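Open the model in a viewer and keep the selection tool at hand. The stops below go from single residues to the whole chain.

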Amino acid sequence: ENTLATLSKQGIAYAGSHPDPQRRWTPAYLQSGGLKIGFLACTDLSFDHGSDCKISRDPEAAYAKVRAAKRGCDLLFVSIHWGTEYQQHREERQRKVALRLIDAGADCILGHHPHTLQGIGVYKNRPILYSMGNFVFDQKEGERMESAIFEIWWNEGSWQIKATPVWINRERMGPVYPSKERAARIAARLAKLSNELGAKAEISSSRVVVRIPAGGS
């Protein structure tokens, strides 16, 4: 409640909770480039956990919330906490939920919880970022401290995603740009995971680039 009050005081939009329990699925809407952009946030974990917006509690009701949110905007992003910690490959449960979310109206899925990068998938011409890894965090050295900054562009139905590798330095618990060798290793790993999911990822200047043309599948 303190966090929600602080965000409201600073004029920062949020989704995934609300002071009024009946409005916890309320989307956040922003205007950009002549478009209305919507954001929903939810969880789908295999264990009992604290969350105001759980898909697992009532999946059909959750997907109805997605459909309703999409009716109010041009593009809908769904941020979802899911998967298993420290796993590089997305689980079948994540895949099934992702497809249902997109069928319900999600245009892009922003995944997190595994604490390590997972691949970028595509379904109905829409990107699925299964796990964006860590960003400001305090964990053991290794792949969980190797992550990326994701830039997402949309233009008349086509998408372009650029992932710039970062390394989370334990001295500051926040991201820094890694050495050329480490950046190349992170990019290669993310590209491989994404290509395995059919996203056709390329590497350009140590960045992973995924292009999804309009009308793709």
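Select Ser205, in the loop that runs between strand E10 (201–204) and strand E11 (207–212). The model is a predicted one, and the backbone here is worth checking in a torsion display: Ser205 has a positive phi of about 50° although it is not a glycine. Colour by accessibility and Ser205 counts as exposed, at 69% relative accessibility.

Next, select Lys124. Its loop lies between strand E5 (120–123) and strand E6 (126–129). Lys124 is not a glycine either, yet its phi is positive, about 55°. Is Lys124 buried, partly exposed or exposed? Its relative accessibility is 41%, so Lys124 counts as partly exposed, the range between 20% and 50%.

Move to His115, which is found in the loop between strand E4 (108–112) and E5. Although the residue sits in a loop, His115 is buried, with a relative accessible area of 12%. Which side chains make polar contacts with the side chain of His115? One is Glu85, at 3.4 Å; another is Asn134, at 2.9 Å. To see the surroundings, show the residues that His115 touches, leaving out those up to four places away in sequence: Glu85, Tyr86, Ser131, Gly133, Asn134, Phe137, Gln139 and Arg144. Glu85 and Asn134 thus appear both in this set and as polar partners of the His115 side chain.

Now pick Glu146, in strand E7 (residues 146–155). Glu146 has a relative accessible area of 5%, so this acidic residue counts as buried, the cut-off being under 20%. Draw a distance from its side chain to that of Arg189: the two make a polar contact of 3.0 Å. Beyond four places in sequence, Glu146 touches Leu117, Val166, Arg182, Arg185, Ile186 and Arg189. Arginines in that list include Arg182 and Arg185, while Arg189 is the one whose side chain is joined to Glu146 by the polar contact given above.

The last single residue is Leu35, in strand E2 (residues 35–44). Leu35 is partly exposed, with a relative accessible area of 22%. With residues up to four places away in sequence set aside, Leu35 touches Leu30, Asp74, Leu75 and Trp154. For a distance across the model, add Ala5 to the selection: Leu35 and Ala5 are 30 residues apart in sequence, and their C-alpha atoms are 27 Å apart in space.

Finally, clear the selection and show the whole chain as a cartoon. How many helices and strands does the protein chain have? There are four helices and eleven strands. The radius of gyration is 17 Å, close to the 17 Å that the globule rule gives for 217 residues, so the chain is as compact as a globular protein of that length. Along the principal axes, the C-alpha atoms fill a box of roughly 50 × 40 × 35 Å.

Switch to a contact map. Among contacts with a separation of 6 or more, 58% join residues 24 or more positions apart. With a surface displayed instead, the accessible area comes to about 11300 Å², and carbon and sulfur atoms account for 50% of it. Of the 217 residues, 44% count as buried. Colouring by charge brings up 30 positive and 23 negative side chains, and the centres of the two sets lie 2 Å apart.

Note on methods. Residues are numbered from 1 along each chain as its sequence is written. This is a predicted model: local features need pLDDT of at least 70, side-chain atom pairs count only at pLDDT 80 or more; totals for chains, interfaces and linings use all residues. Side-chain values use heavy atoms; hydrogens and water are left out. Helices (H or I, at least four residues) and strands (E, at least two) are DSSP runs, numbered from the N terminus. Buried means under 20% relative accessible area, exposed over 50%, partly exposed in between (1.4 Å probe, protein chains only). A polar contact is a pair of N or O atoms within 3.5 Å; within protein, one must be able to donate a hydrogen and the other to accept it, and residues adjacent in sequence count only if both atoms are side-chain atoms. Contact means heavy atoms within 4.5 Å. The radius of gyration is taken over C-alpha atoms; the globule rule is 2.2 Å times the number of residues to the power 0.38. Accessible areas come from the Shrake-Rupley method with a 1.4 Å probe; for residues, only the protein chains shown count as cover. Lys and Arg count as positive and Asp and Glu as negative; His and the chain ends are not counted. The place of a charge is taken as NZ of Lys, CZ of Arg, CG of Asp or CD of Glu.
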